[in-house]
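User: I want to learn how to read the main features of a model like this one. Can we take them one at a time?

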Amino acid sequence: MSASAVFILDVKGKPLISRNYKGDIAMSEIEHFMPLLMQREEEGALAPLLSHGRVHFLWIKHSNLYLVATTLKNANASLVYSFLYKTVEVFSEYFKELEEESIRDNFVIVYELLDELMDFGFPQTTDSKILQEYITQQGNKLETAKSRVPPTVTNAVSWRSEGIKYKKNEVFIDVIESVNLLVNANGSVLLSEIVGTIKLKVFLSGMPELRLGLNDRVLFELTGLSGSKNKSVELEDVKFHQCVRLSRFDNDRTISFIPPDGDFELMSYRLSTQVKPLIWIESVIEKFSHSRVEIMVKAKGQFKKQSVANGVEISVPVPSDADSPKFKTSVGSAKYMPEKNVVIWSIKSFPGGKEYLMRAHFGLPSVEKEEVEGRPPIGVKFEIPYFTVSGIQVRYMKIIEKSGYQALPWVRYITQSGDYQLRTS
């Protein structure tokens, strides 16, 4: 059992649009949703699932809208939430911004989409590229399109249309890793993890089958490749696009799939291994006679010398009543942003192994405020191309298509900062 009905409500809880899929729950039940939400909010016990009698409300908030699904007991909650988030994604691709105004301006298309996205409470076609083939944004085309539903919708490969042709067949693979790091004031690493995604941009003709090989530790152990010469990584929390044959991956760790056309995220993964901080920050704060403060920040690139971090931004918190800023940097530039109470030190290019300094001087009318406010951590943003901190590698990409054409795979590696924070003493 899944969703009985789906509602889109405005910020006050008034229904803008709804679709009843099963008819087993009265549509008037939605009137209980907002009072329940407000009551739970006041009690400090807000939850993503609210109940009124036998009826359950599964909801998410996006911008100034609530998307709510009603259901009875024994529903597959994770399926319903996945559907609500997918609905947001589809509407956002159709209307650029999903908000109250875009719903009011596109009632006809929203109804058409709700009809195609779900059937009798179960998700159906949720790929926006396929939906755009027969639900267009020109209202006069909606009726004529109904008679010519593309075969993709009823095909086993619902994410790719037949008959795609390109003069040049290419696949671009982006391996992007974000480093999440939290370091406490005495320099101990409290949190360290890598969150990775593999994104593809596919320009291939026909219905090709792709096979992607990674230096996956489990695969190496299965095939007897594990050893000192073969560096491997142990992937955790692996999530795949629906095109990947999961049974094949479970059996022999082969990532085999018929890809969607264009851009899509093939997979995501996580590694909870201890990561050496790529950019290490040390800071010293000196106060002088309750009237001024000096901040010295040292940044060191702790990655290999042949790599370069681009677009480095180091956010250094300052007291909210600081004024009269003066800066001196060994590289890059510093800018005071009083609305955020931070100094942003920008370094366009930061090679590995290098060490740079920034000094900031501020007038300080009162020092008492900082004791009340506390001191937020220093945040760091960066991007290091041609480098993965985990050591993951694309070992091969095989492209098989019945016409036998040759295709070029291109691979690019990027490491970037995620939630990267260093606390100061």
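**Reading the model**

Analyst: Start with the layout. The centres of domain 1 and domain 2, taken over C-alpha atoms, are 33 Å apart. Bear in mind that this is a predicted model.

User: Which residues does each domain cover?

Analyst: The domain assignment gives 5-132 for domain 1. Domain 2 takes two segments, 170-275 and 389-422. Domain 3 is made of 279-367 and 375-385.

User: Next, the interior. Which residues have the most contacts inside the largest nonpolar core?

Analyst: Leu-200, Phe-257, Leu-266 and Ile-314 have the most contacts there, in a core of 67 residues. Strand 8 (residues 170-183) gives this core its largest share, six residues. Now place the core among the domains. Domain 2 and domain 3 both contribute residues, so the core lies between them.

User: What does Leu-266 touch, leaving aside its neighbours within four places in sequence?

Analyst: Its contacts include Ile-198, Leu-200, Leu-212, Phe-240, Val-244, Ile-255 and Phe-257. Lys-199, Lys-239, His-241 and Cys-243 are also in contact with Leu-266. Another core, of 31 residues, lies apart from the 67-residue one. Ile-17, Leu-67, Ala-69 and Phe-83 are among its members.

User: Now charged pairs. What is the general idea, and how many salt bridges are there?

Analyst: Side chains of opposite charge can pair when their charged atoms come close. Here the count is 16 salt bridges. Take Glu-100 and Arg-104, whose closest N and O atoms are 2.9 Å apart. The two sit four residues apart in helix 3 (residues 100-105), so about one helical turn separates them. Arg-104 is partly exposed, at 40% relative accessibility.

User: Which salt bridge links strand 13 with strand 9?

Analyst: That is Arg-270 with Glu-193, with closest N and O atoms 3.7 Å apart. Arg-270 is in strand 13 (residues 262-271) and Glu-193 in strand 9 (residues 189-203), 77 residues apart. Check accessibility at each end. Arg-270 has a relative accessible area of 23%, so it is partly exposed. Glu-193 is at 18% and counts as buried, because the cut-off is under 20%.

User: Where do the partners Glu-234 and Arg-217 lie?

Analyst: Glu-234 is in the loop between helix 7 (217-223) and strand 11 (236-240), while Arg-217 is in helix 7 itself. They are 17 residues apart. Their closest N and O atoms are 3.5 Å apart. Both are partly exposed: Glu-234 at 45% relative accessibility, Arg-217 at 32%. Shared partners can also build networks. One network joins Glu-193, Glu-236, Asp-237 and Arg-270.

User: On the surface, which residues make the nonpolar patch of about 280 Å²?

Analyst: Phe-172, Leu-408 and Trp-410 make this patch. Phe-172 lies in strand 8. Its relative accessible area is 30%, which makes Phe-172 partly exposed.

User: Last, the backbone. What sign does phi usually have?

Analyst: Most residues other than glycine have a negative phi. Ser-324 has a positive phi of about 50°, although it is not a glycine. Ser-324 is in strand 17 (residues 323-329). At 47% relative accessibility, Ser-324 is partly exposed.

User: What about Tyr-386: what is its phi, and is it buried or exposed?

Analyst: Phi of Tyr-386 is positive, near 60°. Tyr-386 lies in the loop between strand 21 (378-385) and strand 22 (394-400). At 69% relative accessibility, Tyr-386 counts as exposed.

Note on methods. Residues are numbered from 1 along each chain as its sequence is written. This is a predicted model: local features need pLDDT of at least 70, side-chain atom pairs count only at pLDDT 80 or more; totals for chains, interfaces and linings use all residues. Side-chain values use heavy atoms; hydrogens and water are left out. Domain bounds come from an automatic or database domain assignment. A nonpolar core is a set of buried Ala, Val, Leu, Ile, Met, Phe, Trp, Tyr and Cys residues joined through side-chain atoms within 4.5 Å. Buried means under 20% relative accessible area, exposed over 50%, partly exposed in between (1.4 Å probe, protein chains only). Contact means heavy atoms within 4.5 Å. A salt bridge is a side-chain nitrogen of Lys or Arg within 4 Å of a carboxyl oxygen of Asp or Glu. Patches are made of residues with over 30% relative accessible area and no salt bridge: like charges are joined within 9 Å, nonpolar side chains (Val, Leu, Ile, Met, Phe, Trp, Tyr) within 5 Å. Accessible areas come from the Shrake-Rupley method with a 1.4 Å probe; for residues, only the protein chains shown count as cover.
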